[in-house]
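The following note sets out several points on the model for a colleague's consideration. The points move from one chain to the other and then to the packing that involves both.

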Amino acid sequence: MADTAASLPPTAPASALRRLLRRKLALFGLAIIVLVVGGAVCAPWIAPFAPDEQLFDGLTLFGEPLPPGGQFLMGTDLLGRDLFTRMLYGARTSLIIGVAANGVALVIGTLVGVLAGFRRGWLGALLMRFTDLMMAFPALLLAICLAAIFQPSLWIVAMVIALVNWVQTARVVYTETTSLAEREFVAAEKTLGASQARILFRHILPHLVPTLIVWGTLGISVTVLLEATLSFLGVGVQPPTPSWGNIIFENQTYFQAAPWLVFIPGAAILLLALAFNLVGDALRDVLDPTQRGND
Amino acid sequence: MTLAAQTMAAPVQGAAATPLLSVRDLTVSVRDRGVLRPLVEGLSFDLAAGETLAIAGESGSGKSITSLALMGLLPNNVAVTAGQALLDGTDLPRLPEAEMRGLRGAKVAMIFQEPMTSLNPVHRIGTQLIEAIRAHEPVPQRAARAAAIEALRRVRISEPERRMGQYPHELSGGMRQRVMIAMALAMRPALLIADEPTTALDVTVQREVLELLRDLQAETGTAIILITHDMGVVAETADRVVVMKAGQVVESGPVAQIFDAPAQPYTRDLLAAVPRLGAGAERGALLPPEAPVPVARLIDAQVRFDIGANFFGRPTHRVHAVEGVSFDIRPGETFGLVGESGCGKSTIAKALAGLVPHRGLIEVAGKKLSELTAQGRKEICRDVQMVFQDPMAALDPRMTVGEAVAEPLLIHGVGNAEERRDRAADLFQRVGLTPEQMTRYPHEFSGGQRQRICVARALALKPKLIICDESVSALDVSVQARVLALLEELQQEMGVSYLFISHDMAVVENVVDRLAVMYLGQIVEMGTRDQVFGDPRHPYTQRLLDAVPIPDPARRGRAHVRPAGEMPSPIRALGDAPARLALRDVGGGHLVAAAA
C-alpha cells in the first residue's frame, strides 16, 4: 500500500477517492447512506402499503399494534399503519431535514464565523454579538415562533431548523478562524503579497474542513430530533406525513407496550448519523496531507 | 570552581568508588506497527556524586529519550528493552511505577526546557513548591512553607516571600526556570537531570542559570546530567561528555579530551560547525560601498501598541516595542540586529514587511511604506521577503512545497503555470533540493530542508532584501552552518541584502557586515562588525558578549560580569514615553548610546 502511494502521488482527487474506498468503516458508512437514500427515493415502489393507510389487519382484536415479523416487516403503529412503509417515507423527510437543513445551517454558520474571525473589527464584533444573542435565545421558542408565522410545510420546517442551528457552528468556526489567522504561515502569505481572498480561500478554509465535518455530522442527529420535537408540538411536519422523528414522538407513550415503535426509528437516526460520521471522519483523514501513508 | 570540579571528578577516573548512577547497555525502543525500533542503543556511562555529565547531540540523537527513561516517564509505546540503570543499586527502568513515584523528586529530579509549560499556570508559586515538598515529606504546612522560601532563596530569587504568592505568568522566563530549579532541588536529590535547561532563555539569563546550577552543585553534591545541543554550554559546565548521534554513543570522555582531541569524525564535524565568536574575521572586512539609494532605510521608526482599557474603553498603557530606531541597509550587505527577547528586533522585521503599522519613516527601495496604496503594498513585496524562525509554522501544512515555492509567482502573476513550475524547480535545485521533492508536503521534510524551502520561496521574486528573523535559531548546528553557507552563496550570486535578526551573538558575528544592538526598543550600539565585536563600547553589548558560552573548556575560568537584574518592561503608562537614547559617533561611524 505504501508503495502504490509513493509511486502515484499526483492527481489529488482521484487518489483521495481511492484511499477513501480502501477504508472499511468508510465503506460501511457509505453503504448505509446509499441504502437510506435509495429507500427514500424508491419508497413508492418498495413500500408494501400506502404510508397513511390504516390497515384492517394491522391491529389485534384488542386494538393493539402488531410486533415486527410476519406480514409486517417492522410491525404496525397505533393506528394500524405499516411501520416499514412509514420508515421509508419518513426517510425522505428526515434526509431533507438532516442533510439539507443541516447543510444550510453549516453554510450560514461557516460564513458568519469565517467573516467575523477573519475581518474582526466592528463587523466581526457585530456578527459575534448577534450570534451570542441567538445562542442565548431559546432555540425551540424561536423555532415555534417562526413555524407559527409561516404555514408549516417540509421546506419551511427545514428553513426554520437551519436558522436555529447555525449558531454553534458559527461560534466554533469563529474561534478556529481567529487562531488560524494568527498562524505564522498566514503572516508569511501576507509578506508574499497575497490578497485577503487568497489567504481566506487557499489557506484558511482548507484548515476548517475537519471542524466542519465534525459539526456537520453531529448536526444530523440534532436536526432530525429537533424536527421531531417541532412535530410533537404541532409546528413541524404535519401529520400524517411521516418523519423518523415524529414516529418516535407519536408512539413514545406506548414505549413499554410496543417498544419497536420507538426503537426502530431511533436506531435509524443513530445509524444515519453514525454513517455520515464514519464517512466524514475518513474524508477528513484522506484530505489531510499530513495523514498520508497512515492508511 | 574548576578546581572543585576536578577534585570531584577524580574518584570517577579511578572508577574504584561505586558510582551514584551506573548505566549499562541501555536500549530504549519504540513499538511502531508491531516492530521494535531502537531509539537509544547500548548506552553506558557512570556518574559520581557531585559530577556533571553532559549528553550532547543534535535532534533525534536520543538524548531526551534517555532522560525520560531514567525518570520512568517514557511514552506508552516506548520502553526500555535491554540494559540497566542502577541508581544506588536500584534499577530505575524496572522499578514499579508506585516506587518510582516516591523516588522522583526525592532522589531523582528533572528540569525541563520550557519552565512555563512545566509550572501549573493556575497555582501560585508557593502552593506548587509546598506541594512538591509535602508530597515526599509529611511536614506541617508551616515548615514546608519555610523550606519553600529557603529553596527560593537558594536559587537567588529576589524577594522570595513575595514570589510565593505570585503566579508563573507574573515571573520572567529566567525566574521561572529558577523556580523550577528550586522545586527540583528542594528535596536535595542525589541526581538532577536537566533537559536543555537554558535553551529557551536569553544568553545573559542562561549565563546566570548555569552559574547558579554550578554553585548549587558545589553546595549540595548533587550529580547532574545535562542534556543539551549547545557545545558552548557543554564546554562551560560539564566534567565529562557523551556525544550521541541517532541513538548511538559516538564518543565519550572528559570534557577537555572531547574538545581538544576528538577521536571521531562526527565529533570533529560537530565542533567545527559550532559558531564561535572571533571566527567572523575570515569573512573579510570589505564592506559594500554606500549606495545613493539604500535597500531599506529607517528614520526614527516607532512601533507602539496600545493595551488595556479603562472604563470608557480608552487604552491605559502603551507597549513601546520600537522607539526611534534609525538605520539603513546597503545593497548587497548583511545587516544584523541583535538583542534579547522583547528588545523589539522582530517587531522591526514585521514593520519592514508591513505586518504591523509604524510611525516615523520606513523606506524600501526609495519608497515610503506609509504612503503606499494597496497595489503599491503588493509591489513592494517583490523587493522585501521574509524567512521566519520556524519553517514548519511558516509553510501551509496542506500545500505541497512545490505549490508553496511557486505561490509568490502566482500571486504576482509571473509567467504561466508551466513557467512557474520550471522556475520553482530551478529554485529547488538552487537551495540544494531536487525537483522530484516538489509534490511532497512540508511534514515530510527535516527542519533544515524546510528552511531551505522557505529560502527558495523568499527568492522566487528575486527580492532586493530578505529579512531573516531568527531563521537558523531552531536548527541543529551542523544544519545551521549549511543554511548559513547557502545564504552567503546566494548573496554573492544575486547581490541580495539580508537583514539578519538573531539572539545568537556568535552566529551574527560570523555572517554580518554591520550590525545594531538593541535594548528595550532602542539601538544602543551600531557599527561595522569589527567595530562592535572588536571594541564593544556600550555596557549592554559588553554584557551580551561576555555571556556567550564559549566552546572551549580551557577558557572556563574567566571572570564573568555580575547579573544585571531583570530587563525593565517596555509597557508604560500612556503619556509616559521612555527617554530617547542619543547615539554618539566614537569614530568611523561606530555609534554608541550614552550609558544611562
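1. Two residues are taken to be in contact if their C-beta atoms, placed from the backbone, lie within 7 Å. With that criterion, among contacts in chain A between residues at least 6 apart in sequence, 69% join residues at least 24 apart. The model is a predicted one, and the values below should be read accordingly.

2. Chain A contains twelve helices and zero strands. Its C-alpha trace spans about 80 × 55 × 30 Å along the principal axes. Of the 295 residues of chain A, 39% count as buried.

3. Two annotations of chain A come from UniProt, in an unreviewed entry. The record places the feature "domain: ABC transmembrane type-1" at residues 91-280 of chain A. Over residues 91-280 of chain A, the model is 84% helix and 0% strand, with the end C-alpha atoms 20 Å apart. The record also places the feature "transmembrane region" at several spans of chain A, including 95-118 and 212-237. Residues 95-118 of chain A are 100% helix and 0% strand, and their end C-alpha atoms lie 33 Å apart. For residues 212-237 of chain A, the figures are 81% helix and 0% strand, with 27 Å between the end C-alpha atoms.

4. How many residues does each chain give to the contact between chain A and chain B? Chain B gives 21 residues and chain A gives 18 residues. On the side of chain B that touches chain A, the elements giving two or more residues are strand E16 (384-387), helix H15 (391-394) and helix H16 (401-411) of chain B. H16(B) gives the most to that side, with three residues. By class, the side of chain B that touches chain A divides into twelve nonpolar, four polar and five charged residues.

5. Chain B is divided into domain 1 (22-272), domain 2 (290-383 + 464-593) and domain 3 (397-462). The centres of domain 1 and domain 2 of chain B, taken over C-alpha atoms, are separated by 34 Å. The contact between these two domains takes 23 residues from domain 1 of chain B and 21 residues from domain 2 of chain B. On the side of domain 1 of chain B that touches domain 2 of chain B, helix H9 (203-220), H10, H11 and H12 of chain B each supply at least two residues. The largest share of that side, six residues, comes from H9(B). That side of domain 1 of chain B has nine nonpolar, six polar and eight charged residues.

6. Helix H12 (residues 265-273) of chain B merits a closer look. Its buried residues are Thr267(B), Leu270(B) and Leu271(B). Seen down the axis of H12(B), these buried residues fall within an arc of 95°, so they line one face of the helix. An α-helix has 3.6 residues a turn, so residues three or four places apart point the same way. The face of H12(B) turned away from the buried side carries the exposed residues Pro265(B) and Ala272(B). The buried residues of H12(B) pack against helix H10 (231-237), strand E9 (240-245), strand E10 (248-254), helix H11 (255-260) and helix H19 (477-494) of chain B.

7. Is Pro551(B) buried or exposed? Pro551(B) counts as buried because it has 22 C-beta neighbours inside 10 Å, the threshold being 20 or more. Pro551(B) lies in the loop between helix H22 (539-547) and strand E21 (571-573) of chain B. Leaving aside neighbours within four places in sequence, Pro551(B) is in contact with several residues, among them Met231(B), Phe259(B), Leu271(B) and Arg276(B).

8. The largest nonpolar core has 157 residues, and those with the most contacts inside it are Ile161(A), Leu352(B), Val405(B), Ile467(B), Leu499(B) and Val517(B). Helix H5 (residues 83-119) of chain A provides the largest share of this core, 16 residues. The core also draws at least three residues from each of domain 2 and domain 3 of chain B. Leaving aside neighbours within four places in sequence, Ile161(A) is in contact with Ile97(A), Ala101(A), Ala143(A), Thr223(A), Leu226(A) and Glu227(A). A second, separate core of 83 residues includes Met110(B), Ala186(B), Leu201(B) and Leu212(B).

Definitions and conventions. Residues are numbered from 1 along each chain as its sequence is written. Chains are lettered from A and ligands numbered from 1 in the order in which they are written. This is a predicted model: local features need pLDDT of at least 70, side-chain atom pairs count only at pLDDT 80 or more; totals for chains, interfaces and linings use all residues. Helices (H or I, at least four residues) and strands (E, at least two) are DSSP runs, numbered from the N terminus. Ala, Val, Leu, Ile, Met, Phe, Trp, Tyr, Cys and Pro count as nonpolar, Asp, Glu, Lys and Arg as charged, and the others, Gly among them, as polar. A residue is buried if 20 or more other C-beta atoms lie within 10 Å of its own, exposed if 12 or fewer, and partly exposed in between; C-beta atoms are placed from the backbone. The arc is that of the directions from the helix axis to the C-beta atoms. Domain bounds come from an automatic or database domain assignment. UniProt positions are given in the numbering used here, feature names are shortened, and annotations may be inferred rather than shown by experiment. A nonpolar core is a set of buried Ala, Val, Leu, Ile, Met, Phe, Trp, Tyr and Cys residues joined through C-beta atoms within 7 Å.
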